[in-house]
Amino acid sequence: MEKAPDNQVITYEAPWVIYALGFSSKGAYPYRLGIGSFVEDVRNEVEIIQLNLDAQLFETRAKFVHNYPATKFIWLPEKVAVFSSRRKDLDQICSPRAART
């Protein structure tokens, strides 16, 4: 994978206020992030975005609905992923679920 120039700034404008953000820890995807919305509703969203070095922009790779705003994202560390997954190219993310009262 190519390395992005150190002195370059690339922006991404989400369709909602970004409340949670987490960088992938997988070496094969150094510019992959999970971002979560903050919408005053039960139906919030999570997007996985990744830098396309050729186009010099972030692209949405996946998205899903998340009940309530996510407060953080945790990516499965690469060393653990090697032992726990049959597919070595997978990148796994989780978000703590808010407790219900």
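## Notebook: a four-stranded sheet

I started with the middle of the sheet, where S2 and S3 run antiparallel and share 5 bridges. This is a predicted model, so I read every entry below as a computed value.

**The S2-S3 pair.** I looked for a bridge partner of Ile35 and found Glu47 of S3 standing opposite. The link from S2 to S3 is a hairpin through 5 residues.

**The whole sheet.** Next I traced the strand order. The sheet is open and has 4 strands, running S1-S2-S3-S4 with antiparallel pairing. S1 and S4 (57-67) are the edge strands, and each of them pairs on one side only. I also checked the angle between neighbours: they are turned by 20 degrees against each other on average, with direction ignored. As a reminder to myself, strands of a sheet pair through backbone hydrogen bonds, in either a parallel or an antiparallel way.

**The other two pairings.** S1 and S2 are antiparallel and joined by 5 bridges. Here I noted Ala20, which stands opposite Gly36 in S2. On the far side of S3 (residues 43-52), I found 10 bridges to S4, again antiparallel. One pair I picked out there is Val46 with its bridge partner Phe64 in S4.

**How covered is S2?** I went through the strand for burial, and 6 of its 6 residues are buried. Both faces are covered: one side has Arg32, Gly34 and Gly36, and the other has Leu33, Ile35 and Ser37.

**Ser37 up close.** I stayed with Ser37, which belongs to S2 (residues 32-37). Its relative accessible area is 1%, so Ser37 counts as buried, the cut-off being under 20%. What does the side chain of Ser37 reach? One polar contact, of 2.9 Å, joins it to the side chain of Asn44. A polar atom of the Ser37 side chain also lies 2.8 Å from the backbone nitrogen of Glu45.

**Pro15 and Ser37.** I then asked how far Pro15 and Ser37 are apart in space. The C-alpha to C-alpha distance is 8.6 Å, for a sequence separation of 22 residues. Pro15 sits in the segment before S1. Is Pro15 buried or exposed? With 61% relative accessibility, Pro15 counts as exposed, because the cut-off is over 50%. Ser37, by contrast, is buried.

**A nonpolar patch.** On the surface I found a nonpolar patch of about 300 Å², made by Val17, Tyr19 and Phe38. Tyr19 is part of S1 (residues 18-23). Its relative accessible area of 45% makes Tyr19 partly exposed.

**Two positive phi angles.** Last, I looked at backbone torsions. Most residues other than glycine have a negative phi, so I wrote down the exceptions I came across. Gln56 is one of them, with a positive phi of about 60 degrees. Gln56 lies in the loop between S3 and S4, and is partly exposed at a relative accessible area of 31%. Tyr68 is another non-glycine residue with a positive phi, here about 70 degrees. I placed Tyr68 in the loop between S4 and S5 (74-75). Tyr68 is also partly exposed, with a relative accessible area of 37%.

Key. Residues numbered from 1 in each chain as written. Predicted model: local features only at pLDDT ≥ 70, side-chain atom pairs only at ≥ 80, totals over all residues. Heavy atoms only, no water. Patch = residues over 30% accessible without salt bridge, like charges linked within 9 Å, V, L, I, M, F, W, Y side chains within 5 Å. Areas by Shrake-Rupley, 256 points an atom, 1.4 Å probe, with all protein chains shown as cover. Salt bridge = Lys/Arg side-chain N within 4 Å of Asp/Glu carboxyl O. Buried < 20%, exposed > 50% of the residue type's maximum accessible area, 1.4 Å probe, protein only. Pairing = 2+ DSSP bridges. Axes fitted to C-alpha atoms, helices over the stretch in contact; angles between N-to-C directions. Polar contact = N/O pair within 3.5 Å; in protein donor to acceptor, adjacent residues only side chain to side chain.
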